[in-house]
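This report examines selected residues and their surroundings, moving from individual buried positions to cores, helix packing, charged pairs and the surface.

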Amino acid sequence: MPTATRKAAERTSRFGFAFIGVLLIAVNLRVSFVSVGPVLGNISSDLQLSSAGAGFLTGLPLIAFAVFSPVAPAFASRLGLDRALWLSLLILASGIVLRSIPLPGLIWVGTAFIGLAIAFLNVLVPSLVKRDFPTRVSQITGSYTATQAAFAAIGAAVVVPVAQTSPAGWRLALGIWVGLALIAMAVLLPWLRRHASDSARAATPEATYRSPWSSALGWQVTLFMGLQSIAFYVLMAWLPTIEQSRGVPATTAGLHLSVFLLVSVFASLAAGAILHRGTDQRLMSFASGALAFVTFLGLAVAPDLTLLWVLLGAIGCGNLIVIALSLFSLRTVNYPQAAALSGMAQSVGYGLGAAGPVMFGGLRDLSGDWTLPLLVTAGIMAVLALMGVLTGRDRVISSA
């Protein structure tokens, strides 16, 4: 085989393996906590949780995102990016198992472990994309975002039937997702051999960059990330409960959540394909935020059209997450800076996101119905649309 042909084949092989690795990580990024929403009523009844307590349970992973995301870049720098990703999958598998063990308090410990693991994975995957796919950031981001949404949709669809047909109920329905983490760990085990070269690369001058914490653009991206996360996690936590309180059967509400996630798959793929065509994302960011605004407003004032609002929300949220994750790479000059911006945005951003389900549940307890929390969230989405105009401008954080 000619040398040029052999090198091209090696590059294709490396690209394919790296792409498969990103997708395997992606399947674990949502399903383990998105699947909680459809059985939240069962969990609340079993553990005697209030609405605010149930909101705290769904928000606990987001609190972990906020607390541990800033640690992820240093974690990866010390261990190497590939080892850090693999160990994060191990922590995730441990958390899923602990959450399903019927012993007092373990649901909280397991949920915290899940939040820690996904915090690290969420921060480090954009850095991985920046490193291994520097010219295809939006396309790869759209692909792995669509993959995680697809598996989350499967989880939302099957969790209620599994809980209803098994004596172990919701514990088994949430515990089965450990299999996905174990598969990813097994397939990605060869990545650990890349540790030495990865650490050497981290020590090069490329690692020098301006901290996003001192950048106005860094803060704008962070706020965009946080506000869009409020939209997604409020819907994941409360949409099935809202529908059930309005007379929709639990299985149907779970299927609606599955529809939301499936539609968001195609929205994410479309967003990834569109974003890479230009360097300015203002129009798409604003329009996606506007769809989120219409979704919550519609759920408040026209509940009979819930499926329409679910579809519009799926398109908006599917676009927004791809835009937010792509911004970590599009607004930075190298992959260490991308990791730093990702850590910052997911720390502060998910801190805001964590407050969303808790705030929503608290407003529901205060007002006695869903109108007030839905309208307040709609107002937040209006701010998100305006923030999209700022973050969508073609510029980057300086290198020093």
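Ser 285 counts as buried in this predicted model, because its relative accessibility is 1% and the limit for burial is under 20%. The residue belongs to helix 14, which spans residues 282-301. When residues up to four places away in sequence are set aside, Ser 285 touches Phe 224, Leu 320, Ile 323 and Gly 388.

Helix 14 also holds Ala 290. With a relative accessibility of 26%, Ala 290 counts as partly exposed. Its C-alpha atom is separated by 6.7 Å from that of Ala 382, although the two residues are 92 residues apart along the chain.

A second serine, Ser 264, is placed in helix 13 (residues 250-275). Its relative accessible area is 3%, and Ser 264 is therefore buried. Leaving aside neighbours within four places in sequence, Ser 264 is in contact with Ala 149, Ala 314 and Gly 318.

**Nonpolar cores**

Which residues touch the most other members of the largest nonpolar core? They are Ile 25, Leu 85, Phe 260 and Leu 261, in a core of 99 residues. Helix 12 (residues 216-245) supplies the largest share of this core, with 16 residues. Apart from this core lies another, of 13 residues, which includes Leu 40, Val 160, Trp 170 and Ala 173.

The surroundings of Phe 260 can be listed in detail. Outside the four places on either side in sequence, Phe 260 is in contact with Phe 232, Leu 235, Met 236, Val 310, Gly 313, Ala 314 and Cys 317. Ala 314 is thus among the contacts of Phe 260 and is also among those of Ser 264.

**Packing of helix 3**

Helix 3 covers residues 40-47, and within it Leu 40, Ile 43 and Ser 44 are buried. Viewed down the helix axis, the buried residues of helix 3 fall within an arc of 100°, so they line one face of the helix. The cover over these buried residues includes helix 4, helix 7 (106-132), helix 9 (170-175) and helix 12. Leu 40 is also one of the members of the 13-residue core. Just after helix 3, Gln 48 adopts a positive phi of about 55°.

**Salt bridges**

How many salt bridges does a search of the whole structure find? The search finds 3, and they are set out in the table with the separation of the N and O atoms.

| Pair | N to O separation |
|---|---|
| Arg 131 and Asp 82 | 3.4 Å |
| Arg 131 and Asp 132 | 2.8 Å |
| Arg 282 and Asp 280 | 2.7 Å |

Asp 82, Arg 131 and Asp 132 are linked in a network of salt bridges. Arg 131 lies in helix 7 and Asp 82 in helix 6 (residues 81-100), so this pair ties together parts that are 49 residues apart in sequence. Both Arg 131 and Asp 82 are buried. For Arg 131, the assignment follows from a relative accessibility of 12%, because burial requires a value under 20%. Asp 132, by contrast, is partly exposed, with a relative accessible area of 27%.

In the bridge between Asp 280 and Arg 282, Asp 280 is partly exposed at a relative accessible area of 37%. Arg 282 likewise counts as partly exposed, its relative accessibility being 36%. These values lie between the limits of 20% and 50% that bound the partly exposed class.

**Surface patch**

Phe 56, Ile 63, Val 67, Phe 68, Val 71 and Val 358 form a nonpolar patch on the surface. Together they present about 430 Å² of accessible area. Which helix gives the most to the patch? Helix 4 (residues 51-68) does, contributing 4 residues. Phe 68 has its place in this helix, and it counts as partly exposed because its relative accessibility is 30%. Helix 4 thus contributes to the nonpolar patch and is also among the elements that cover the buried residues of helix 3.

Notes
Residues numbered from 1 in each chain as written. Predicted model: local features only at pLDDT ≥ 70, side-chain atom pairs only at ≥ 80, totals over all residues. Heavy atoms only, no water. Helix = DSSP H or I, 4+ residues; strand = E, 2+ residues; numbered from the N terminus. Buried < 20%, exposed > 50% of the residue type's maximum accessible area, 1.4 Å probe, protein only. Contact = heavy atoms within 4.5 Å. Patch = residues over 30% accessible without salt bridge, like charges linked within 9 Å, V, L, I, M, F, W, Y side chains within 5 Å. Areas by Shrake-Rupley, 256 points an atom, 1.4 Å probe, with all protein chains shown as cover. Salt bridge = Lys/Arg side-chain N within 4 Å of Asp/Glu carboxyl O. Core = buried A, V, L, I, M, F, W, Y, C linked by side-chain atoms within 4.5 Å. Arc of directions from axis to C-beta.
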